[in-house]
Amino acid sequence: MADVTSSPEIDVAIIGGGIVGICAANYLCHAGRDVLVIDRSGICEETSSGNAAALAFSDVLPLAQKGMIRNLPRWLRDPLGPLSIPPSYFPTLLPWLLRFASASRPSRYDAALAAQASLMKLAEAEWSSLMDRTGTGTMLRADGSLELYESDAEFQSSLPGWSARERFGIDFRHLDSEGIAELQPGLSRQFVRGTFVPGWKTVADPKRLGEAIWTATEARGAGFRKGDVALIVPTGDRIAIQLREGRTLLARNLVIAAGAWSHLLARSTGDKIPLETERGYNTTLSAGAFDLRRQLIFSAHGFVVTPLATGIRVGGAVEFAGLRRPPDFRRAKAMLAKAARFMPGLETQGGREWMGFRPSLPDSLPVIGRARKAGNIVYAFGHGHLGLTQAAATGRLICDLVSGESPPIELSPFSPQRF
């Protein structure tokens, strides 16, 4: 990768080489801007490398409206269940949980749903454009998703959410057990109902997709510097970016897209953003481990199973435990054991375990907007489970903000100052 930091001043610096940062870099380069991406690891080396590979354009419901509040007490009783909070971390998390509970109020539901739907509609259009521009369309899989229910009661409880999606033109089809078997043979008979979403898409491998987008972006002149940002200091109409390695870079514009670490940098600009870290786990098996036709969603158990070009990925769950606690790979093993029960014949040997950090905000909407005290600093983080899905839309919106163009959707629901 090119290192172009010999220039004394950078036009647009982007902190974060994950999928959101590199999509923003691509849009900015195509708008004629000079861009430098800074990341401590590399391009799509961390959370963007191991996600569930979904372009989940129909996933418009805020998490607070998807049964999490109702299921919270039951899930917390199971240390290896869909949601876990280590007791020692609970006091730290409590303010976020209170905001999360507030976001579940009916008075806030419609606004959050409409905002998410608008971003998803833009995301679908911008991913199509970005893939055409970067030659990555062959990595897209349009097989739809299949959400599975173990009882009629579980299915009935999902119906209000599907009705909400229907209001925004999202296509879906409810299935009985015979319909499930047609779309995905080999599942346990315990699943009596299902919902098929034809517009749900996945990518062949999220890390390979990110690397391909970066290759196209680098060809347009984007540069990369490996570095760990310690501090950002607005100085007049410039931003000083201090690296832990000892060097300071100077930029005219700055994009903070550092995922779960972004709020730590935002404090330098006077914005206190209630970002928390959902630690997600997965296991990637060999490609021949099961005849998997499309992504399967086991929502009551908090995980999905995805067919990739590089294998079959079993992953999900939520662990609120911050950025420093060591991984607990028992959670990955628990999901894999459930997948083996739900998918008889799944070969579970030789899998590769992984843990990543999802940057999540209590209202399930990302932060996309300008810093409070510095108009030349913009934020692009907090996408939760939807970073890959919303990356192209966010890249387009960040480019518009940096370039002074009018964005195609209303950005006030995503304002950094909404808290």
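What is the handedness of the crossing of α1 and α10? The crossing is right-handed, and the first view below shows the two helices that make it. Please keep in mind throughout that this is a predicted model.

**View 1. Helix α1 packs against helix α10.** Here you can follow α1, residues 19-30, as it lies against α10, residues 387-403, with the two axes 7 Å apart and at an angle of about 40°. An angle of that size makes α1 oblique to α10, because it falls outside the 65 to 115 degrees that count as roughly perpendicular and is not under 35 degrees. On the α1 side, look for I19, V20, C23, A24, Y27 and L28. Their partners in α10 are G387, L388, A391, A392, T394, G395, R396, I398, C399 and V402. Sorted by class, this contact holds 12 nonpolar residues, along with 3 polar and 1 charged.

**View 2. Helix α1 also crosses helix α4.** Staying with α1, we now turn to α4, which spans residues 106-134. The two axes come within 12 Å of each other and cross at roughly 70°, so α1 and α4 are roughly perpendicular. The crossing of this pair is left-handed. From α1, the residues in contact are I19, C23, N26, Y27 and H30, while α4 offers E126, W127, L130, R133 and T134. The class split for this contact is 5 nonpolar, 3 polar and 2 charged residues.

**View 3. Helices α4 and α10 meet each other as well.** The axes of α4 and α10 come within 7 Å and cross at roughly 85°; the two helices are therefore roughly perpendicular. In α4, find Q116, L119, M120, L122, A123, E126, W127 and L130. Across from them in α10 are L388, T389, Q390, A391, A392, A393, R396 and L397. Of the residues in this contact, 11 are nonpolar, 3 polar and 2 charged.

**View 4. The second largest pocket holds about 560 Å³ of space.** Its lining is made up of 19 residues. To find your way to the centre of this pocket, start from T92, H263, R267, L275 and E276, which lie nearest to it. Three elements give two or more residues to the lining: α3 (90-103), α8 (262-266) and β14 (276-285). Among the contributors, α3 gives the most, with 4 residues. The lining divides into 10 nonpolar, 4 polar and 5 charged residues.

**View 5. The largest cavity has a volume of about 50 Å³.** How many cavities of 30 Å³ or more does the model hold? The count comes to 1. The residues to pick out around the largest cavity are L80, G81, P82, H301, F303, A317, A334, M335 and K338. Helix α9, residues 330-342, gives the most to this lining, with 3 residues. By class, the lining has 6 nonpolar residues, 2 polar and 1 charged.

Methods. Residues numbered from 1 in each chain as written. Predicted model: local features only at pLDDT ≥ 70, side-chain atom pairs only at ≥ 80, totals over all residues. Heavy atoms only, no water. 1 Å grid on protein atoms, 1.4 Å probe; cavity = no way out; pocket = protein on both sides within 12 Å on 5 of 7 lines; lining within 4 Å. Points joined across faces, edges and corners; volume = space filled by probe spheres on them. Nonpolar A, V, L, I, M, F, W, Y, C, P; charged D, E, K, R; others polar. Axes fitted to C-alpha atoms, helices over the stretch in contact; angles between N-to-C directions. Parallel < 35°, antiparallel > 145°, perpendicular 65-115°, else oblique. Left-handed = near helix turned anticlockwise from the far one by under 90°. Contact = heavy atoms within 4.5 Å.
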